[in-house]
Amino acid sequence: MIFRRAVLREFTQTAVTVFVALFAILLTTQLIRLLGQAAGGKLASDAVVALLGFSALNYLPVVLSLTLFVAILLTISRSYRDSEMVVWFASGLPLTAWVGPVLRFALPIVLAIAVLSLFLSPWALSKSAEFRQRMDSRDEVTRVSPGAFNESSAADRVFFVEGVAEEQGRVRNIFASSVQHGRLGVMAAATGHVQAMPNGDRFLVMEHGRRYEGTPGTPEFRMMEFERYAVRVETKEARGIEETPGNRPLWELLRDPTPTNLGEIVWRVGTPLAAINLALLAIPLAFVNPRAGRANNLIFAILAFMIYSNLISVSQAWVRQGRMPFEVGVWAVHVAMLAILLLLFWRRLAVFSWGRLWR
């Protein structure tokens with residue numbers, strides 16, 4: 001019992017450290033991607049935080065799987081480096097005695113990964129698509145970000161707003177460019193606001209400004225000064241969320257067993273199965289020769305994780321394309337990895353070695 005509590009405590013401490021590092025990397029990369037989209041006008045700046053949360057929830061099963069694998073690997077590797085495994089084997093305990101503590105630590109995390117992969121990750125993708133759709137369906141002026149040039153969806157207007165005025169709902173230093181009947185019109189105004197009409201139309205009302213109008217490439221143009229100038233704001237019709245296999249609930253995929261939906265099930269079921277296989281695979285892979293390099297087994301383990309994940313993706317693609325039956329694709333990679341796991345355990349437990357025989 002003392003050993004089990006000590007091992008579980010070390011597993012937990014290592015897992016927390018690894019998870020914080022991996023989750024920070026995930027948040028940083030996703031935040032950079034979303035900020036790049038917001039800076040380019042493809043995404044509203046006020047949607048970054050919400051989409052960052054949905055994205056983190058979507059990738060959380062993979063992060064937890066890698067955390068579980070690395071935490072067990074590092075803990076057992078430390079036992080090899082500190083010669084604790086020598087005492088372990090000298091006491092007559094085999095390497096398989098680690099299976100019990102590892103499973104006690106891994107099963108709650110695997111259960112969380114299964115819930116995330118089967119239910120919460122598709123929900124996050126669905127909410128992310130719904131949020132993006134709601135942001136895209138807003139009118140042109142609402143989507144304008146202060147300090148950035150924003151192009152309309154029809155690519156015939158460009159808006160620029162320097163900032164928000166102190167009064168509610170008003171903006172200052174507006175620039176607008178539009179093309180009508182082959183003539184280019186450029187407007188600049190000191191202040192402005194959005195006005196809604198009784199019939200539902202919305203207008204951007206600019207105040208105290210000028211309008212320059214002319215045909216590009218010709219010297220003909222005219223300039224007008226105005227006190228108020230209203231430009232009708234185009235709005236997008238609200239469309240339904242584009243359903244993909246990734247954002248559909250599990251029961252809908254089971255109700256409609258097309259090859260594409262079955263391929264998605266292969267991935268969702270494969271994530272928790274891979275997590276439990278990787279947790280057990282870390283036991284034989286954690287072997288470290290104290291006289292050799294400390295990072296060799298970690299590099300090999302990360303390579304094994306990448307190969308395993310890619311094989312699941314290949315199975316998913318083959319099931320989607322109809323090249324592999326669903327009944328084979330959902331188990332084949334995991335059974336093969338289980339066979340490799342048993343082979344590695346046998347190699348660590350076997351007293352007889354063909355290598356020593358030939359030497």
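Colleague: Which residues touch the most other members of the largest nonpolar core?

Modeller: Leu68, Ile72, Trp98 and Ile283, out of 47 residues in that core. This is a predicted model, where local features need pLDDT of at least 70 and side-chain atom pairs count only at pLDDT 80 or more, while totals for chains, interfaces and linings use all residues. Residues are numbered from 1 along each chain as its sequence is written, and side-chain values use heavy atoms, leaving out hydrogens and water.

Colleague: What makes a set of residues a nonpolar core?

Modeller: They must be buried Ala, Val, Leu, Ile, Met, Phe, Trp, Tyr or Cys, joined through side-chain atoms within 4.5 Å. Buried means under 20% relative accessible area, exposed over 50%, and partly exposed in between (1.4 Å probe, protein chains only). Helix α2 gives this core its largest share, 11 residues.

Colleague: How do you know that the buried residues of α9 line one face?

Modeller: Val333, His334, Met337, Leu341 and Phe345 are the buried ones. Seen down the helix axis, they fall within an arc of 110°, so they line one face; the arc is taken from the directions from the axis to the C-beta atoms. The face turned away carries exposed Leu342, Leu343, Trp346 and Arg347.

Colleague: Why are β3 and β4 called paired?

Modeller: Pairing takes at least two DSSP bridges between two strands, and β3 (residues 170–180) and β4 (residues 183–196) have 10, in the antiparallel sense, so they count as paired. Strands here are DSSP runs of E, at least two residues, and helices are runs of H or I, at least four, numbered from the N terminus.
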